[in-house]
Amino acid sequence: MEILRWKPQDALVVKAPKRNPLILRMVVLLFAMVCGLYIFSFCINQTNRDNNPLKIQVIDRRRNWHCRTAQIQEWDIPYVHFPEPQTFSRQECSCNPVRFFVIVSMQRSGSGWFETLLNSHINLSSNGEIMGAQDRRRNVSAILKTLDQVYNLDWLSSASKNECTAAVGFKWMLNQGLMAHHEAITDYFNRRGVYVIFLFRRNLLRRLVSVLANVFDKNSKPLNGTHKSHVHSQHEAQVLAKYKPTLNATVLVSHLRAADQAVAKALEYFKSTRHIVIYYEDIVRNSTKLTEVQEFLKLPQRNLTSLQVQIHSGPLAKQIENWEVVRKTLKGTSYENFLHADHKL
């Protein structure tokens, strides 16, 4: 019997097989390609977002949400503006909501006095009767260009504030192209979110007296050769109030009716706009009307003041030269109440 002996050279050596370097390279390449595709798709997605103006607007709104100090409601978002003002470079104003407004009125209806009240607000700028210039209203294109200049904050006047502006506008008389191009202007107001403040005078007879007296002052200039539509002292008011116009009784009723119809037509033309209707007499008697206007424009509440002094006050009987003729003409008509109303103004 043969005995088998173990020898070292008979041991079985098991070695790990060598890895193929080609496979490792393929795995690394595949991983790099997957990462590259992911990064590329992410960049494309971001680019598409940036090209969508609606997305940008939503992002800006949310980003500026913390800036809202005027208690803006969700449904008011389309009317809220967060501009970077072009008339001054103050970064802190970029979050300040700016309301666009216009004061729609008729001459000698208290619009000048009302505008000085508004301009006493530290955050409001009303730029006066800018459509009085013919070249700014020669056609609808000129009108819209002027509106853009005001509401793009490019209009410079003494009404500009050193504080952040919260409301920008001007006053516009009915006979300054407003009624002739009402359709295009209404579309513009609605598109830009312009707030319309209708300011009229209830007593159209008092307005007529003021119109005639202003024409007389423009021609005669009793105040040291200077024409003044508005005054700032009792002495100046007394000088101008000495003139008593003589009214043409033949056309008096038709004149009052035409003014009345112009107001009604303006309210009809611009009824689709965001607006408020106020009257001169109501502001004189009730100061809370100014609070309503500030609430309408979503402004911080301020005590509004004016240095202007009323020219014509007291009973109309003391302001019209042919008072008895006027009284008899209006007696029994729908305008008879003008003879006695507002005698305490």
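Me: Two strands pair if DSSP finds at least two bridges between them; with that settled, which residue of S3 is the bridge partner of Phe101?
Reply: The partner of Phe101 in S3 is Gly169. Before going on, note that this is a predicted model, in which local features need pLDDT of at least 70 and side-chain atom pairs count only at pLDDT 80 or more, while totals for chains, interfaces and linings use all residues. Residues are numbered from 1 along each chain as its sequence is written, and side-chain values use heavy atoms, with hydrogens and water left out.

Me: OK, and how many bridges join S1 to S3, and which way do they run?
Reply: Seven bridges join S1 to S3, which covers residues 167–173, and the two strands run parallel.

Me: What about S4, how many bridges does S1 have there?
Reply: S1 is joined to S4, residues 195–200, by four bridges, and this pair of strands also runs parallel. One of the bridges links Val102 of S1 with Val196 of S4.

Me: So is S1 buried or exposed?
Reply: Strand S1, residues 99–105, has seven of its seven residues buried (under 20% relative accessible area with a 1.4 Å probe, protein chains only), so the strand is largely enclosed by the rest of the structure.

Me: Which of its residues point which way?
Reply: Arg99, Phe101, Ile103 and Ser105 point one way from S1, whereas Phe100, Val102 and Val104 point the other way, and all of these residues are buried. In a regular strand, side chains alternate between the two faces of the sheet.

Me: Switching to Ser125, where is its place?
Reply: Ser125 belongs to strand S2, which spans residues 124–126.

Me: Buried or exposed, and what does it touch?
Reply: The relative accessibility of Ser125 is 5%, which is why it counts as buried. Leaving out residues up to four places away in sequence, Ser125 has contacts (heavy atoms within 4.5 Å) with Phe101, Asn119, Ala159, Ser160, Lys161, Thr165, Ala167, Val168 and Gly169. That list includes Phe101 and Gly169, the two residues that are bridge partners between S1 and S3.

Me: And Thr273, where is that one?
Reply: Thr273 lies in the loop that connects helix H9, residues 249–269, with strand S5, residues 274–279.

Me: Is that loop residue buried or exposed?
Reply: Thr273 is buried, since its relative accessible area is 6%.

Me: Which residues is it in contact with further along the chain?
Reply: With neighbours within four places in sequence set aside, Thr273 is in contact with Thr186, Phe189, Asn190 and Val196. Among these, Val196 is the residue of S4 that bridges to Val102 of S1, and Val102 is in turn one of the buried residues of that strand.

Me: Zooming out, how many helices and strands does the chain have?
Reply: There are twelve helices and five strands in the chain, where helices (H or I, at least four residues) and strands (E, at least two) are DSSP runs numbered from the N terminus.

Me: How much of the chain is buried?
Reply: The chain has 345 residues, and 41% of them count as buried.

Me: Last one, what share of the contacts join residues at least 24 apart?
Reply: If we take the contacts in the chain between residues at least 6 apart in sequence, 76% of them join residues at least 24 apart.

Definitions and conventions:
Buried < 20%, exposed > 50% of the residue type's maximum accessible area, 1.4 Å probe, protein only. Pairing = 2+ DSSP bridges.
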